[in-house]
Amino acid sequence: TLRSLARPGDVLAAIGPAADQALAEVVRRAPAWGLSTCWLGTGPRPPAADTVDHLLWCEAGAEHDGRLVLAYHLLWELTHVCFEHPGLLQPRDVCEKDVCITCSDEGRLAEVVAVAGEVATVRTARGVEHIDVTLVDALAPHDLVLVHAGTAIEVIR
């Protein structure tokens, strides 16, 4: 349901423990949907902490002594600063580096929507795209893949 409501450029604010598998899966898929991610919680750090854009985490017990509330209010204030400066989070249309992402060695995360022979329809941060899948094993809807130059180069399991 969340994927159908989200648009590239939106921010996913996940609030909950790392043990919440459904929440962890949404955070894992969000980059393929074009979403920035922020996860706020307590307890053991989530295993996907390195894939979250912004992680606000407190050790266990913080929900009782005010540290979690402080982190939430800091997030709230930062959000308002962004809202008061329209365009601050708009993606840039021009490359600012020496090499465009299309020509670099960087793969982009994509979620498979459908597969028809050697072509798959995928959802990326840029929108829906059609990619070549001849270099990877059989795919199914909802699989995550890395895409480079219009080709799936790795399946993320």
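The following questions and answers concern the fold and packing of a predicted model of a protein chain.

Reader: How many helices and strands are there in the protein chain, and in what order do the elements run from the N terminus on?
Author: In this predicted model, the protein chain has 157 residues, of which 32% are buried. Its secondary structure consists of 4 helices and 8 strands. Read from the N terminus on, these elements follow the order α-β-α-β-β-α-α-β-β-β-β-β.

Reader: What is the strand order of the open sheet of 3 strands?
Author: The pairing in this open sheet is parallel, and 5 bridges join β1 to strand β2, residues 36–42. The strands that pair on one side only are β1 (11–15) and β3 (54–58), which are therefore the edge strands by the pairing criterion of at least two bridges. The order of the sheet is β1-β2-β3.

Reader: Which residue in β2 is the bridge partner of Ala-13?
Author: Strands β1 and β2 run parallel and are joined by 5 bridges. Within this pairing, the residue of β2 that forms a bridge with Ala-13 is Cys-38.

Reader: What angle does the direction of helix α2 make with that of β1?
Author: Helix α2 covers residues 21–29 and packs on the sheet, where it touches both β1 and β2. At the start of α2, the backbone nitrogen of Ala-22 has a side-chain oxygen of Asp-20 within 3.2 Å. The angle between the direction of α2 and that of β1 is about 160°.

Reader: Which element supplies the largest share of the largest nonpolar core?
Author: The core has 15 residues, and those that touch the most other members are Leu-12, Ala-14, Val-27, Leu-35 and Trp-39. Both β1 and α2 contribute at least two residues each. The largest share, 3 residues, comes from α2.

Reader: Which residues does Ala-14 contact, leaving aside its neighbours within four places in sequence?
Author: Ala-14 is one of the residues that touch the most other members of the largest nonpolar core. Leaving aside its neighbours within four places in sequence, its contacts are Leu-23, Val-27, Cys-38, Trp-39 and Leu-40.

Reader: Is Val-26 of helix α2 buried or partly exposed?
Author: Val-26 lies in helix α2, whose buried residues are Leu-23, Ala-24, Val-27 and Arg-29. Beyond four places in sequence, Val-26 is in contact with Leu-2, Leu-12 and Trp-33, and its C-alpha atom is separated by 8.9 Å from that of Leu-12, which is 14 residues away along the chain. Because its relative accessible area is 23%, whereas buried means under 20%, Val-26 is classed as partly exposed.

Reader: What covers the buried residues of α2?
Author: The residues in question are Leu-23, Ala-24, Val-27 and Arg-29. The elements that cover them include β1, β2, β4 and β7.

Reader: Which side chain makes a polar contact with the side chain of Glu-111?
Author: Glu-111 is placed in strand β4 and, with a relative accessible area of 4%, is buried. Not counting residues up to four places away in sequence, Glu-111 touches several residues, among them Arg-3, Arg-29, Trp-33, Arg-123, His-142 and Asp-143. The polar contact, at 2.9 Å, is with the side chain of Arg-29.

Reader: Which residue takes a positive phi in the hairpin of β7 and β8?
Author: Strand β7 (residues 144–148) runs antiparallel to strand β4 (residues 108–116), the two being joined by 4 bridges, with Leu-109 opposite Leu-146. Strand β7 also pairs with strand β8 (residues 151–156) in the antiparallel sense over 5 bridges. The hairpin of β7 and β8 has 2 residues between the strands, and the residue with a positive phi, near 55°, is Ala-149.

Reader: How many residues are in the second, separate core?
Author: The members of this second core include Ala-110, Leu-139, Val-145 and Val-155. Of these, Val-145 has Val-155 in β8 as its bridge partner. The number of residues in the second core is 12.

Reader: What percentage of the exposed area do carbon and sulfur atoms supply?
Author: The protein chain exposes about 10200 Å². The share that carbon and sulfur atoms supply is 58%.

Methods
Residues numbered from 1 in each chain as written. Predicted model: local features only at pLDDT ≥ 70, side-chain atom pairs only at ≥ 80, totals over all residues. Heavy atoms only, no water. Contact = heavy atoms within 4.5 Å. Axes fitted to C-alpha atoms, helices over the stretch in contact; angles between N-to-C directions. Core = buried A, V, L, I, M, F, W, Y, C linked by side-chain atoms within 4.5 Å. Buried < 20%, exposed > 50% of the residue type's maximum accessible area, 1.4 Å probe, protein only. Polar contact = N/O pair within 3.5 Å; in protein donor to acceptor, adjacent residues only side chain to side chain. Areas by Shrake-Rupley, 256 points an atom, 1.4 Å probe, with all protein chains shown as cover.
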